[in-house]
Structures are given as structure tokens and as C-alpha cells.
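Open the model in your viewer and keep the selection panel at hand. The stops below give what to select next and what is there.

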Amino acid sequence: MARFTLPRDLYHGKGALENLKTLKGKKAVIVVGGGSMKRNGFLQKAEDYLKEAGMEVHLIEGVESDPSVTTVMNGAAKMQEIGPDWIVAMGGGSPIDAAKAMWIKYEYPECTFEDMCKVFGIPELRKKAHFCAVSSTSGTATEVTAFSIITDYDNGIKYPIADFEITPDVAIVDPELAETMPQKLTAHTGMDALTHAVEAYVSTANSAYSDPLAIHAIEMIQHDLVDSYNGNMEARDRMHDAQCLAGMAFSNALLGIVHSMAHKTGAAFADYGAHIIHGAANAMYLPKVIEFNAKDETAKKRYGVIADYMHLGGANDDEKVKLLIEYVRGMNDKLNIPHCIKNYGPDSYPTEQGFVPENVFLERLPEIAKNAIADACTGSNPRIPTQEEMEKLLKACYYDTEVDF
Ligand SMILES: NC(=O)c1ccc[n+]([C@@H]2O[C@H](COP(=O)([O-])OP(=O)(O)OC[C@H]3O[C@@H](n4cnc5c(N)ncnc54)[C@H](O)[C@@H]3O)[C@@H](O)[C@H]2O)c1
Ligand SMILES: [Zn+2]
């Protein structure tokens, strides 16, 4: 028995933002990030549409990338003062995820961050407010997912909050918002989307409902991501839909250990001056995890199906898996993403010596591996790695070496 949950309404296509006018309520709070929505005029438009709908509008601005527990708690306190019946989150994964967690705390002020992290353990929401998500990046698909990723900077770990309670009520997927993305963001978020679709397709929780969404997303991303990166706005627009389809798939089929490792390495070296950006981490780890998971026969077959849909060739599943790995690595090259942590520069671009020193990586490896195994995304991966295997896998992701175990 399984459940498949999506937002009640999804508005897509250019100009879809205007559908904010259709929300019915008294008071809305808009949650946004660092300023891109304001700079590009979308915040003002959103405010105007909500006012046209007869709502009083308040703002919570300045949610940082990879939002912290503190940001969530402060935002929720503001929501308590304002008392909105609509939460409208606009921007990339960061402000939307932060707003989802604020929503939980707003509805249940006694709920701690630890309580929120209990997988599928969120109490019933919508007693105070409904939630509308407007995405401006083409990757996380948090506008349709049951997830929110919050970083606990005290221990440098990203925690996924997972529950269908936080699947938004309304999603707005307006490609105009994504057209202003700079190249690097387009690359990273696009590879995040590809990873979502691939992990969802081979997940042990895959289903006849999630499979077509995942496969179609993969085909679209293959067709459009590199062109979108190179400035083709029609491709950019289609990528906004593709990432959303991938999100619909993984929100229900769940993910795998590419994400477990990305969550647990992302902020683990923040004291060395940088993050490993989520999408870039996925892009580097995906080929290694395909190699690892393909030792499972069912997963190997499924990667073979993906390769077939992508017309990569190959006479048997082993060859197809190899070609798929080569294809993903080729995409990384075209998108200026390194192949391993060792070559990951502080600006995310490939460099001879990246910002994570080898000795620091090796010193922290056992702890990171342990945390990655414990991540909520590990349970649906086709192979559950042991501590030793996870350490070896992470090493392969550091040095870009082969995965033969
Ligand atoms: N909830 C989920 O299901 C899910 C899935 C994958 C990742 N995540 C999380 O989402 C976060 C990453 O989100 P993201 O990749 O969307 O980036 P982001 O929200 O962190 O934004 C990155 C930067 O891009 C800017 N930006 C956003 N949209 C823009 C636009 N249209 N034009 C110009 N600049 C723009 C932002 O202001 C910010 O500076 C991570 O914390 C990751 O762990 C969540
Ligand atoms: Zn992701």
C-alpha cells in the first residue's frame, strides 16, 4: 500500500504568478530570500495580486541560502505576531523550505526542530494557514514536494523534514521567474533535478505513478539543460516544468544516497569558507552512486531503461550503465561542474586543489559516513551501504576514483 500526494492546484506557464489573485483569505505573509525576487519585480507583482484578492500582505525577507534553524524559528515568531491564513513562499528552494518549517512551528509553537525531523511525524497542519509555493529556480521542486531541508549549523548537518503535511496546497510554476537565473545556478539546480528523477526511478519506493514522471523529466532535462545553461530561454522555460515533474516523482518515490551524501557533506566544511552547493554535490556524486547501485540487479535494469529512453545505446545493461555514467560526467563538463570534492573550488568551479583539504576530509569521513547512512534518503536507496562502503563511496567522491565494491 502506498500514497501519492501532490498539491491541490498547480498553475504553470508564463504569467502563472497572476493566479495569486485566486487565493481566498484575509492575511498573507510572503516569505522570500536574499533579494532576487525584489530586484526582478516579482515580489511587487505578488504583493499586488494578493492585495487584489483582498488580502492584507506582510513580508518575511532575507531567508539565506541553505536556511538555518534560527531563521526558521525567527520567521515562525513573526508569523505568530502577524497571524496569516496564507503563507506564500517565493524563490528558490531555500526560502520555500524555510517557510514550510516556519509553517509547522507557526501551527504548533511547542514543536521543536527535533520534533519536525521525525520522518512522517508532523501533526495535522492547515488549522491556521494554507501554503502556496512559487518557485524561481529549476531544481528543488519544493513547490510540489513533501520535503524541507534545514541546516543545523551547530553541527554542520542538513536535515530533511519529510511529511505529506508540508506538500503545498498551491504550486505556481511560472517560467518567467526562472529566466533571471545566472548560469551557475541554472547548472546546479538542473543537475539537482536530474538527480531527483534518476534517484526516484531506481528508488525502492518507485511506482507506476512516479515512473512516467521521472522518465519524462529525464528526457526533458537531457534535451534542455545544457541549452538552458547556454542562455536559450525556451529551453530554460521547459526546464522549469521538467524539474517540477521530477519533484512530483521523488516526493512520492523518495530519493537515495546521492542526496544522503549531499545533505551530509554540504555544510560539513563550512568552517573552511564554503559550502558544497546542493546541486553540484549531487552532480559529482551521481555517477559514483550509479556505479555502486548497479551491483543490485533491479537497479541495474532500471538504469538500463533510463539509458534506453535517453537513446545512449549499449548492447546490455552493463554497457548501458557505463554509458549513462559517461553521459552524466559529460554533462558536468558542459556545465563547468567538477567531478569530485578534491577539485571543487570555493566558487564551485573545477580547480586543481579545492577548498576541502584532504586531511580534513579524511578526519571527518567516519562521522560524515555515519550521518549519511542515517539520512532519511538512505532507506529507499536500492543498496543500503555499510559504514565501510559509505566511507569508500565518499572517498571515491573525493578523489574521483572507480567504485568496484
Ligand atoms: N525541499 C526539497 O524537496 C529540496 C530538494 C532539493 C534541494 N533542497 C534544498 O534547497 C536549497 C537550494 O535551493 P535552490 O537550489 O533553489 O537555491 P537557493 O534557494 O538557495 O537560491 C540560491 C541563490 O539564487 C538566488 N536566486 C533564486 N532564484 C533566482 C532567480 N530566478 N534569478 C536570480 N537569482 C535567483 C537566490 O537569491 C540565492 O542567492 C538547499 O538548501 C537544498 O538542500 C530542497
Ligand atoms: Zn535535491
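Start with I277, which counts as buried because it has 24 C-beta neighbours inside 10 Å. Burial here goes by the number of other C-beta atoms within 10 Å of a residue's own, with C-beta atoms placed from the backbone: 20 or more is buried, 12 or fewer is exposed, and in between is partly exposed. This is a predicted model, in which local features need pLDDT of at least 70 and side-chain atom pairs count only at pLDDT 80 or more, while totals for chains, interfaces and linings use all residues. Residues are numbered from 1 along each chain as its sequence is written, and chains are lettered from A and ligands numbered from 1 in the order in which they are written.

I277 is found in the loop between α10 (257–266) and α11. Helices (DSSP runs of H or I, at least four residues) and strands (runs of E, at least two) are numbered from the N terminus. Add H188 to the selection: the C-alpha atoms of I277 and H188 are separated by 7.6 Å, although the two are 89 residues apart along the chain. Apart from neighbours within four places in sequence, I277 is in contact with H188 and S348. Contact means that the C-beta atoms of two residues, placed from the backbone, lie within 7 Å.

**The two domains**

Colour 9–178 as domain 1 and 184–399 as domain 2, following the domain assignment of the chain. Such bounds come from an automatic or database domain assignment. The domain centres, taken over C-alpha atoms, are 25 Å apart. Across the boundary, 25 residues of domain 1 are in contact with 29 residues of domain 2. On the domain 1 side, β6 (147–152), β7 (157–162) and α6 (175–178) each supply at least two residues, and β7 gives the largest share, 4 residues. By class, that side of domain 1 has 13 nonpolar, 9 polar and 3 charged residues. In this count Ala, Val, Leu, Ile, Met, Phe, Trp, Tyr, Cys and Pro are nonpolar, Asp, Glu, Lys and Arg are charged, and the others, Gly among them, are polar.

**Ligand 1**

Which residues are closest to ligand 1? Select G92, G93, S94, T137 and F147, the closest of the 29 residues that surround ligand 1. A residue is placed in this shell if its C-beta atom, placed from the backbone, lies within 6 Å of the ligand. Elements giving two or more residues to the shell are α4 (93–107), β6, α6, α7 and α11 (278–293). The shell has 6 nonpolar, 19 polar and 4 charged residues. Ligand 1 lies between domain 1 and domain 2, because both give residues to the shell around it.

**Helix α7 and the core**

Next select α7, residues 183–202. The helix has 20 residues and reaches 29 Å from its first C-alpha to its last, close to the 28 Å expected; the expected span is 1.5 Å times one less than the number of residues. Of its 20 residues, 18 are buried.

Now show the largest nonpolar core, which has 133 residues; V31, V88, A197, A214, A217, A246 and A249 touch the most other members. A nonpolar core is a set of buried Ala, Val, Leu, Ile, Met, Phe, Trp, Tyr and Cys residues joined through C-beta atoms within 7 Å. The largest share of this core, 10 residues, comes from α7. Both domains give residues to this core, so it lies between them. Centre on A249: leaving aside neighbours within four places in sequence, A249 is in contact with A197, A200, S210, L213, A214 and A217.

Then move to A28 in strand β2 (residues 27–31). A28 counts as buried because it has 27 C-beta neighbours inside 10 Å. V57 is 29 residues from A28 in sequence and 5.0 Å away, C-alpha to C-alpha.

**Helix α12 and two positive phi angles**

Select residues 297–309 for α12, whose buried residues are A299, R302, Y303, G304, I306 and A307. These are covered by elements including α7, α8 (211–229), α11 and α13 (317–334). Just after α12, H311 takes a positive phi of about 55°.

The last stop is N336, in the loop between α13 and α14 (358–374). N336 has a positive phi of about 60° although it is not a glycine. Is N336 buried or partly exposed? N336 is partly exposed, because it has 14 other C-beta atoms within 10 Å.
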